[in-house]
Amino acid sequence: MADSKKIAVIGAGLMGSGIGQVALMGGHSVVMVDIKQEFVDKGVAGIREGIKKLEEKGKLGEGVSADDVMARCSESVDVAEAVKDCDFAIEAVVERMDIKKQVCKNVMDNGPDHIIFASNTSTMSITEIGKDSGAPDRVCGMHFFNPVPLMRLIEVIRGEDTSDDTFEKSMAVAETFPCLRGDRYIAPVLKDRPGFIVNRLNAPVQIYLSWCFDKTAEQDLDWAQLDADAGGKMPMPPCMLTDFVGIDTMHHVMDYYKETLSPDFEQGQVINDLYKKGDLGQKTGKGFYDWSKGRDAIKAKIKNAEAAGIFDLETTFAILLNEGCRILEEGIASGYKIIDDANMAGMNAPGPFGWGKKNSEKAVSILNEVAEQTGKDYLRPIDLLKSGGFKKMRK
Ligand SMILES: NC(=O)c1ccc[n+]([C@@H]2O[C@H](COP(=O)([O-])OP(=O)(O)OC[C@H]3O[C@@H](n4cnc5c(N)ncnc54)[C@H](O)[C@@H]3O)[C@@H](O)[C@H]2O)c1
């Protein structure tokens, strides 16, 4: 394959349009595909807007206009036709296994013999998506973060049947997608496991947060008091962050990990109640907080609140460290530097290993204590953490 490829982006929604934009910025030809022309139009309009902004800021390069870039972008409502001369297809269709499998097979049936299919799924098995496609060796995961042009991380995931050649080429293609905020970071994900690296690393913190919410309700304290426990050290403390992400999102994510990792991801009472009431956070105007007076009013409330003494920031580091060790133990990442770098690139937050290298014994006692308190064995320290063996697994 030559450096510049023809890439089909299938699904021109929120993620697809971002992926299309960075692929064009990387110098590739792109065909944007969706099921209806109006969806394609909307996606392409979003891309054009993004590219125009770069033109205005003089960021497209010497003598390059937005029109020059957009001339490499075509449209289609027919996957089979669109992929005929493509080297690469990236799907960002709805999160449904049957649809993803169908799109994957359609690409493999109609694309050239060398076409690679990459799925942007957040929660589905890459192996399963590719299994019945006729060419599972040419299927991998390529997990972007929203907004794609601004978030530095792309995780490239190896399914059970992904060939070395597919994995290497996919890593190389991902490297060509520019990022507008710092250098792109491509994390190789060596095993097709739930949450891949970054979402998996952060997943069990939700078990702890959910318990903190219930404790706060039991003691009849104000949510701002729980958030005051973070002592202003988090960009957004627990309740505010959960409102921002969406109570429904947290609920669904916990359901997913409950099924795929452990029953200990069962949601607590508070999350279940808010979810049932439809108080989903910022998006509905109400969750833990009333968002009608804006973020600053909430921040002021937290600043003036007396701490509850329930949430402990160091406990979240210990939980992240333990999950990072699980990621190493399961062979999902080859070393902890990748996990730390990926978390910084995908979450704008440092990973746990910098802290963990110096505090592993402390982490073990914190984790034993929190497992006792919460009754959640998933939070117990695993052997790789207890032995300190993870410290030798940097790369
Ligand atoms: N939104 C996020 O933050 C995020 C982050 C990482 C990964 N993802 C994953 O990206 C994928 C897309 O998410 P989104 O938020 O962009 O969704 P979206 O709903 O904005 O876009 C999905 C698009 O796919 C189209 N589509 C559906 N079936 C199709 C088919 N058979 N062929 C072609 N197009 C089809 C829809 O018409 C829609 O335009 C999902 O798998 C999601 O899990 C989302």
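This tour moves through a predicted model, from the ligand outward to helix packing, a buried helix and several individual residues.

**The ligand shell**

Select the ligand and the residues around it. The shell holds 23 residues, and the closest are Gly11, Gly13, Leu14, Met15 and Asn146. Colour the shell by class: 14 residues are nonpolar, 7 are polar and 2 are charged. Two helices, α1 (14-25) and α5 (97-110), each supply at least two residues of this shell. Which helix gives the most to the shell? It is α1, with 3 residues.

**α1 against α2**

Keep α1 on screen and add helix α2, residues 37-56. Two packed helices are described by the angle between their axes and the distance between the axes. Here the axes of α1 and α2 come within 9 Å and cross at roughly 45°. α1 is therefore oblique to α2. The crossing of α1 past α2 is right-handed. To display the contact, pick Gly16, Ser17, Gly20, Gln21 and Leu24 on the α1 side, and Gly43, Gly46, Ile47, Gly50 and Ile51 on the α2 side. By class this contact has 3 nonpolar and 7 polar residues, with no charged residues.

**Histidine 28**

Move along the chain from α1 to histidine 28, in the loop between α1 and β2 (29-33). Is histidine 28 buried or exposed? Histidine 28 is buried, because 21 other C-beta atoms lie within 10 Å, and 20 or more is the cut-off for a buried residue. Leaving aside neighbours within four places in sequence, the residues in contact with histidine 28 are Ser4, Lys5, Lys6, Ile7 and Ala23. Next, draw a C-alpha to C-alpha distance from histidine 28 to cysteine 73: the two are 8.9 Å apart in space and 45 residues apart in sequence.

**The cis peptide bond at 146-147**

Select asparagine 146 and proline 147. A cis peptide bond joins asparagine 146 to proline 147, with omega about -5°. Proline 147 sits in the loop between β6 (139-144) and β7 (153-157). Asn146 has already appeared on this tour, among the closest residues to the ligand.

**Two positive phi values outside glycine**

Go to phenylalanine 196, in the loop between β8 (185-189) and α8 (198-202). Phenylalanine 196 is not a glycine, yet its phi is positive, about 50°. This residue is buried, since 26 other C-beta atoms lie within 10 Å of phenylalanine 196.

For the second case, select asparagine 348, in the loop between α16 (336-347) and α17 (353-374). Its phi is also a positive value in a residue other than glycine, near 55°. Asparagine 348 counts as partly exposed because it has 13 C-beta neighbours inside 10 Å; a residue is exposed at 12 or fewer.

**Helix α11 and its cover**

The last stop is helix α11, residues 238-245. Which residues of α11 are buried? They are Pro238, Cys239, Met240, Thr242 and Asp243. Add the elements that cover these buried residues, including α9 (205-218), α10 (223-228), α12 (247-260) and α14 (295-304). Then step to the residue that follows α11: glycine 246, with a positive phi near 110°.

Definitions and conventions. Residues numbered from 1 in each chain as written. Predicted model: local features only at pLDDT ≥ 70, side-chain atom pairs only at ≥ 80, totals over all residues. Near = placed C-beta within 6 Å. Helix = DSSP H or I, 4+ residues; strand = E, 2+ residues; numbered from the N terminus. Nonpolar A, V, L, I, M, F, W, Y, C, P; charged D, E, K, R; others polar. Axes fitted to C-alpha atoms, helices over the stretch in contact; angles between N-to-C directions. Parallel < 35°, antiparallel > 145°, perpendicular 65-115°, else oblique. Left-handed = near helix turned anticlockwise from the far one by under 90°. Contact = placed C-beta atoms within 7 Å.
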